[in-house]
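Biologist: Hi! Could you walk me through this model one question at a time, with the cut-offs spelled out as we go?

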Amino acid sequence: MESLGRMIEQFARGDITAGRFRAYRVPQGIYEQRESGKYMLRVRLPAGIILAHQMRAVAEVSSKYGNGTLHVTTRQDIQVHRVSLEGIYPALYYLFQAGLSTKGGGGNTVRNITSCFDAGVCAREAFDVSPHVLALTEALLADPLSYELPRKYKISFSGCSQDCASATVSDVGFIAKTRDGRPGFSVWAGGGMGANSRVGNLLEEFIPIFEVWQVAEGVKRVFDKHGNRKNKNKARLRFLVDKIGHKQFRKLYEEEIKNLREEPSGFTAPPAPTIDSPQPADSLNFQSERNGNGMLIPQKQPGYFMVQIPLILGDIEAPVFQALAEIIEHYGERCLHTTQQQNLVVRWIAESDLPALKQQLGRLNLGGAKPAILRDMVACAGASTCRLGICLSRGLAQALIEAFSGSGLDLAGLGNLKINISGCPNACGRHPVSQIGLFGVARRVEQRLVPYYTLQLGGKLEEGSTRLAGSVCTIASKNVPVFLSTFLQEFQRSDQHPDFEAFLDNGGKKLAEELAKNYSTVPAFYKDKNFYFDWGAEVAFSLAGRGPGECGAGVFDLIEMDLVGAAEALKDNRLFTAVSLAARALLVTRGEQPSDDMQSLALFKKYFLQEGLLEQKYEEVIDAAIGSLAASDRETSIPLTVEEVTSLVKRVDDLHQNMDDSLRFPQVGGKEINDIRESAQLNSADLSKDFRGVVCPLNFVKVKLALDQLKSGQTLLVLLDEQGADNVPSSVEKEGHKVLSLTRGNGYWQLIIRKA
Ligand code: SF4
């Protein structure tokens, strides 16, 4: 706490840079929000458990230092939003007094360990996994290495093969089972959700419960030693497993386990649990109750119930949370569980207490039956607060709730159908394992950006059968509610399918694809501006404000958007568009933002063909595209074959895949681009550049290119405008260069950097 307090003071005085402060605060679970100067505190709740007095503390902190609204996350943490810089220390101190911490809530650390919300009371479970979550949390958090990993490390525990806690798509996942009457776990590793989701591999068929720490620590050490620290976009454990293969990964893991067996661990496994035979789910009508529309779920312990408290998109007002603490103090286990669907659950309620509890919850406007499709709809923070967000996912979720309510759909009849929405491909809304998943993307229409969602269908969690949802189509954000209402109406009309999964497998996906054709294009801006504003937005859609300090991620996204666009154009036989998008894709790495097709093609020739990064045969492809610029129908007049254009798109994609962290490419034959030294000299800097008026993230890209021209230790002077001054220094520091000064000039900023 003391060192955090010191860092905050130093940052407030301007003694340390934003980049340095960021590197310190993020692993402590303190994130800067999209609204500059406001912070989010992510409080860890292992297994999603929070005691009554801790609920009061979180509520008080939110009311006093934050915006008075708490947010339950899909990893069962709880977040306090919009805390000012001065509020961080007192807020954390207050939480600390209540036995709560944000440490490890962000950055490249061991993140909150999750479990089924009904661990200990679920009729299907092999045994209660929550004591193992708590013991492993304590052991891992005591190790300094747990805060310096190549990237975040996510662990989950499921009580049975239903895998409600998503163990099969975690970095490491434990699934409880018994063998010959002994309790233990199967272990899955290398899974994860994000832009490149992956189902984990089975690492151990069965380990006894006292080996949980060795396994989690063994994988952690492999990750620490071999993970990619150079490229944060490819740093998660799953990329390592993909790169070296599961066999080699397993070999490295076994070496670590061998060493660990000889080390004193300091880990105390919880006592062996009592093993009840799992009750046949139907005997309690358990599964249907769990996924149904009711408020109560019977526990495996006869006469006791769980009471579900649905939240709208994980939000609850702090005073209501505080009042809820007073209520649960008198019921059940006197604590609350958060769920991965961003809801709350009170457990161990005796049947005789149900009427009184329901009444008290009712006074707070909590509880009550709600169709599962609305109750369990998940949306990540999205672009309203998340710095990486593209679309306003929460706005879309609200729009869906409204649209469904007035659509004539039989919502209760949709059973346990789930919708998960992420504001970008990073999958914090867990769309890859949802039956209906959506993630935000940006599309260019003429020269404007438009919010879109990629629809993925058919995700499923179950040990041995976990399946990632597959991309089906891309729909304009404003069309998603009407599209989904229509699609679900079609599902309900097709009563020959027993469930949604069967519907998808028997023509449902095709139907979605066909239907989407009506919703995938938008009118020109001058005809209908509505499509250019995201749900709940008051200003036209843009990527402004996205990812300060994370500029590299923005660049990669722009490239991917164009490459995806080129592939889609190829599929539709729009050859001119495919060539033009492929040509434009990588220009962002050269600091160029062409305003039309002619510029894209000409600049591509200059930077990629003349620099020897592509074989000369592609010059003919580009020239053919230039030759059709004047034609009334460029797509049909372009004298190229599908094979020629496919080859260009693939070659550009290859270059992108082989781009290094400094946005450089291998030349044909393996050499790298030569420096093109400029002679401009201002002040005593070795090189000077004027990037005023250059938008984010292009200003950062241009700075990187300028730094490329310098030797280590030389200095670069750049002129930036306000937005650039906010973003570029921290991004530059992240790359290891030193910011020597940032001073305000007359309407601009002057930044001096020493190259690392
Ligand atoms: S999915 Fe994207 S927008 Fe949503 S919280 Fe994660 S990073 Fe932010």
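Biologist: In which loop does Y331 lie?

Modeller: First, this is a predicted model: local features need pLDDT of at least 70, side-chain atom pairs count only at pLDDT 80 or more, and totals for chains, interfaces and linings use all residues. Residues are numbered from 1 along each chain as its sequence is written, and side-chain values use heavy atoms, with hydrogens and water left out. Helices (H or I, at least four residues) and strands (E, at least two) are DSSP runs, numbered from the N terminus. With those labels, the place of Y331 is the loop between α9 (318–328) and β14.

Biologist: Is Y331 buried or exposed?

Modeller: Residues count as buried under 20% relative accessible area, exposed over 50% and partly exposed in between, using a 1.4 Å probe and protein chains only. The relative accessibility of Y331 is 7%, so this residue is buried.

Biologist: Which residues does Y331 touch, not counting those up to four places away in sequence?

Modeller: A contact here means heavy atoms within 4.5 Å. Along the chain, R347 is 16 residues from Y331, and their C-alpha atoms are 8.4 Å apart. Leaving out residues up to four places away in sequence, the contacts of Y331 are I349, D353, A356, L357 and Q360.

Biologist: Where does N343 lie, and what is the C-alpha separation between N343 and F117?

Modeller: N343 is in the loop between β14 (335–338) and β15 (344–350). It is buried, with a relative accessible area of 4%, and beyond four places in sequence its contacts include V72, I309, R375 and D376. Although N343 and F117 are 226 residues apart along the chain, their C-alpha atoms are separated by 9.8 Å.

Biologist: How many cavities of 30 Å³ or more are there?

Modeller: Rolling a probe the size of a water molecule over the atoms shows where empty space is left. On a 1 Å grid over the protein atoms alone, a cavity is a set of points where a 1.4 Å probe fits but cannot get out, and its lining residues have an atom within 4 Å of a point. Grid points are joined across faces, edges and corners, and a volume is the space filled by probe spheres set on the points. By this rule, the number of cavities of 30 Å³ or more is two.

Biologist: How do the lining residues of the second largest cavity divide by type?

Modeller: This cavity holds about 50 Å³, and N343 is among its lining residues, along with L311, K370 and I401. Ala, Val, Leu, Ile, Met, Phe, Trp, Tyr, Cys and Pro count as nonpolar, Asp, Glu, Lys and Arg as charged, and the others, Gly among them, as polar. Sorted that way, the lining has six nonpolar, four polar and two charged residues.

Biologist: Why does the largest nonpolar core lie between two domains, and which are they?

Modeller: A nonpolar core is a set of buried Ala, Val, Leu, Ile, Met, Phe, Trp, Tyr and Cys residues joined through side-chain atoms within 4.5 Å. The largest one has 56 residues, with V579, F604, F608, L614, L648 and V703 making the most contacts inside it, and helix α16 (residues 575–585) gives the most to it, eight residues. Domain bounds come from an automatic or database domain assignment. The core lies between two of these domains because both give residues to it: domain 4 (551–657) and domain 5 (687–754).

Biologist: How many residues are in the other core, the one that includes L311?

Modeller: In soluble globular proteins, nonpolar side chains tend to be buried together. This other core lies apart from the largest one, and I50, M295 and L344 are also among its members. Its residue count is 49.

Biologist: What is the approximate phi of D180?

Modeller: Most residues other than glycine have a negative phi, and most peptide bonds are trans. D180 is exposed, at 75% relative accessible area, and is placed in the loop between β8 and β9 (182–189). Although D180 is not a glycine, its phi is positive, at about 50°.

Biologist: And R82, what value is its phi near?

Modeller: R82 belongs to strand β5 (residues 78–84) and is partly exposed, with a relative accessible area of 36%. R82 is a residue other than glycine with a positive phi, near 60°.

Terms used: On a 1 Å grid over the protein atoms alone, a cavity is a set of points where a 1.4 Å probe fits but cannot get out, and a pocket is an open set with protein on both sides within 12 Å along at least five of seven lines; lining residues have an atom within 4 Å of a point.
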